[in-house]
Amino acid sequence: MTAPTAPSPRFTTGTAGSPDLLRSVFRQHAAGVAVITATTSGGAPVGFTATSLNSVSADPPLLSFTTGTGSSSWPAVRDSDHLGVHILAEHQQELAGLFARSGADRFGPATDWAEGPHGVPVLSGVLAWVVCRVVARVPAGAHRVIIAELVCGDPAVHAGGEGRPLLYHQGRFNALRD
């Protein structure tokens, strides 16, 4: 007996592959929001907002994210052995925007942070943070995929140890809906 088949979808050739197509498609993909931090060779903290954070492996515990080689944070990410990864809470849209804005004073008086393990800047009040050891920087166009192994962290440092994550969707920061 043959299983019933669904009607075939009708495809057109679609839009040619391009940066605009990639952006349009990924505007439909909700992503968690993280802030990546590092320290320059001169000891200054740097950081940026990332929505490309992924779990890679549980054993060993690896994660990945991407960063542009033209970004102001790239030299520190390129040269650092350890990085901080911070998962933002839904109420931290302003912090996400600050770390996403070029030329902003990201570690100014408005940012609550301290030097953490391995000299990595650690943000306060986030849902979770980890310090990672960089194991690979893989070229990918004008970006690098950073693969890092978790060294230490805190899975629930937000007030009360709970919270909801900040999301990025349709070019804006958003909160989860029930």
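Where is His118 found? In this predicted model, His118 sits in the loop between β7 (113-115) and β8 (121-123). The views below start there.

**View 1. His118 and Gln170 are two loop residues with positive phi.** Most residues other than glycine have a negative phi. His118 is not a glycine, yet its phi is positive, about 60°. His118 is exposed, with a relative accessible area of 53%. Gln170 also has a positive phi, near 55°. Gln170 belongs to the loop between β11 (166-169) and β12 (172-175). Its relative accessible area is 38%, so Gln170 counts as partly exposed.

**View 2. Asp59 and Pro60 are joined by a cis peptide bond.** Most peptide bonds are trans. Between Asp59 and Pro60, omega is about 5°. Pro60 lies in the loop between β4 and β5.

**View 3. Seven strands form an open sheet with antiparallel pairing.** Strands of a sheet pair through backbone hydrogen bonds. The strand order here is β3-β2-β6-β9-β10-β5-β4. β3 and β4 (54-58) are the edge strands, and each pairs on one side only. On average, neighbouring strands are turned by 35° against each other, direction ignored.

**View 4. β2 and β3 run antiparallel, and helix α3 touches both strands.** Six bridges join β2 to β3. One residue to look for is Ala38, whose bridge partner in β3 is Val46. Helix α3 (residues 93-100) packs on the sheet. The direction of α3 makes about 115° with that of β3.

**View 5. The largest nonpolar core holds 18 residues.** Leu63, Phe65, Leu83, Val85 and Ile146 have the most contacts inside this core. Elements that give two or more residues to this core include β5 (61-68), α2 (74-79), β6 (82-87) and β10 (143-154). β2 (34-39), β3 (45-50) and β9 (128-140) are also among them. Val85 touches Ala34, Val35 and Ile36. The contacts of Val85 also include Leu53, Leu63, Ala128, Trp129, Val130 and Cys132. Apart from the largest core lies another core, of 15 residues. Among its members are Val35, Leu88, Ala96 and Leu166.

**View 6. Ser80 is a buried loop residue.** Ser80 lies between α2 and β6. Its relative accessibility is 7%, so Ser80 counts as buried. The Ser80 side chain reaches the backbone oxygen of Thr39 at 3.2 Å. Ser80 touches Ala38 and Thr39. Val134 and Arg137 are also touched by Ser80.

**View 7. Arg133 and Glu149 meet in a salt bridge between two strands.** Side chains of opposite charge can pair when their charged atoms come close. The N to O distance in the Arg133–Glu149 pair is 2.7 Å. Arg133 lies in strand β9 and Glu149 in strand β10, so the pair ties together parts 16 residues apart in sequence. Arg133 is partly exposed, at 36% relative accessibility.

**View 8. Arg164 and Glu90 form a salt bridge that links distant parts of the chain.** The closest N and O atoms are 3.5 Å apart. Arg164 is in the loop between β10 and β11, and Glu90 is in the loop between β6 and α3. The two residues are 74 residues apart. Arg164 is partly exposed, at 29% relative accessibility. Glu90 is also partly exposed, with a relative accessible area of 28%.

**View 9. Asp79 and Arg78 meet in a salt bridge.** The N to O distance is 2.9 Å. Arg78 counts as partly exposed, at 39% relative accessibility. The structure holds four salt bridges.

Note on methods: Residues numbered from 1 in each chain as written. Predicted model: local features only at pLDDT ≥ 70, side-chain atom pairs only at ≥ 80, totals over all residues. Heavy atoms only, no water. Core = buried A, V, L, I, M, F, W, Y, C linked by side-chain atoms within 4.5 Å. Buried < 20%, exposed > 50% of the residue type's maximum accessible area, 1.4 Å probe, protein only. Helix = DSSP H or I, 4+ residues; strand = E, 2+ residues; numbered from the N terminus. Contact = heavy atoms within 4.5 Å. Polar contact = N/O pair within 3.5 Å; in protein donor to acceptor, adjacent residues only side chain to side chain. Pairing = 2+ DSSP bridges. Axes fitted to C-alpha atoms, helices over the stretch in contact; angles between N-to-C directions. Salt bridge = Lys/Arg side-chain N within 4 Å of Asp/Glu carboxyl O. Lists of a residue's contacts leave out its neighbours within four places in sequence.
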